[in-house]
Amino acid sequence: MNGRTVLERFPAGGPRGSWPAEEFAHARRMEGLAAEVVMDLTTDTFLVVVRRAEALD
């Protein structure tokens with residue numbers, strides 16, 4: 001995925017009002033990682049990713 005490392009995967013059909021991928025990414029940002037959420041349309045999942053260089057630090 002072009003220089004990014006996937007930290008976690010979450011199904012797109014989560015419970016209404018629940019944003020587990022965003023909550024996970026927020027927790028990683030609080031730890032100092034520049035985590036972001038992207039959608040993988042092929043698998044219908046949300047991915048929490050960081051740039052590969054940052055993930056290796």
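Buried means under 20% relative accessible area, exposed means over 50%, and partly exposed is whatever lies in between (1.4 Å probe, protein chains only). The model here is predicted, so local features need pLDDT of at least 70 and side-chain atom pairs count only at pLDDT 80 or more, while totals for chains, interfaces and linings use all residues. Residues are numbered from 1 along each chain as its sequence is written, and side-chain values use heavy atoms, with hydrogens and water left out.

**Exercise 1. Classify His26 as buried, partly exposed or exposed, and place this residue in the fold.**

Step 1: find the element. His26 sits in helix H1; helices (H or I, at least four residues) and strands (E, at least two) are DSSP runs, numbered from the N terminus.

Step 2: check the area. His26 has a relative accessible area of 43%, so it counts as partly exposed.

Step 3: pick a reference point. Glu36 is ten residues from His26 in sequence, and their C-alpha atoms are 8.3 Å apart.

**Exercise 2. Get an overview of the protein chain: which elements does it have, and in what order?**

Step 1: count the elements. There are two helices and three strands.

Step 2: walk along from the N terminus. The order reads β-α-β-β-α.

Step 3: look at the surface. About 4100 Å² is accessible by the Shrake-Rupley method with a 1.4 Å probe, and carbon and sulfur atoms own 53% of that surface. Of the 57 residues, 21% count as buried.

Step 4: look at the contacts (heavy atoms within 4.5 Å). Taking contacts with a separation of 6 or more, 53% come from residues 24 or more positions apart.

**Exercise 3. Work out how the strands are arranged: what is their order in the sheet?**

Step 1: lay out the sheet. Three strands make an open, antiparallel sheet in the order E1-E3-E2. E1 and E2 are the edge strands, each pairing on one side only. From one strand to the next, the twist averages 35°.

Step 2: go through the pairings (two strands pair if DSSP finds at least two bridges between them). E1 and E3 run antiparallel over seven bridges; one of the partnerships is Val6 with Val49 in E3. E2 and E3 are antiparallel over five bridges. Here Val37 partners Val48, Val38 partners Leu47, and Met39 partners Phe46.

Step 3: inspect the turn. The hairpin of E2 and E3 has four residues between the strands, and Asp44 takes a positive phi near 55° there.

Step 4: see how covered E3 is. Five of its seven residues are buried, leaving this strand mostly covered.

**Exercise 4. Sort out the two sides of H1: which residues are buried, and which exposed residues lie on the face turned away?**

Step 1: list the buried set. In H1 (residues 20-30), Ala21, Ala25 and Arg28 are buried. Viewed down the helix axis, the buried residues fall within an arc of 60° (taken from the directions from the axis to the C-beta atoms), so they line one face of H1.

Step 2: flip to the other face. The exposed residues Glu23 and Met30 sit on the face turned away from the buried side.

Step 3: find the cover. Strands E1 (4-11), E2 (36-40) and E3 (45-51) are among what covers the buried residues of H1.

Step 4: zoom in on Arg28. This residue of H1 is buried, with a relative accessible area of 17%. Leaving out residues up to four places away in sequence, Arg28 touches Leu7, Leu33 and Ala35.

Step 5: step off the helix end. Just after H1, Gly32 has a positive phi of about 105°.

**Exercise 5. Find the largest nonpolar core: which residues make it up?**

Step 1: set the rule. A nonpolar core is a set of buried Ala, Val, Leu, Ile, Met, Phe, Trp, Tyr and Cys residues joined through side-chain atoms within 4.5 Å.

Step 2: apply it. The largest such core has six residues in all: Phe10, Ala21, Ala25, Ala35, Val48 and Val50.

Step 3: trace the suppliers. H1 and E3 each give at least two residues to this core.

Notes
Axes fitted to C-alpha atoms, helices over the stretch in contact; angles between N-to-C directions.
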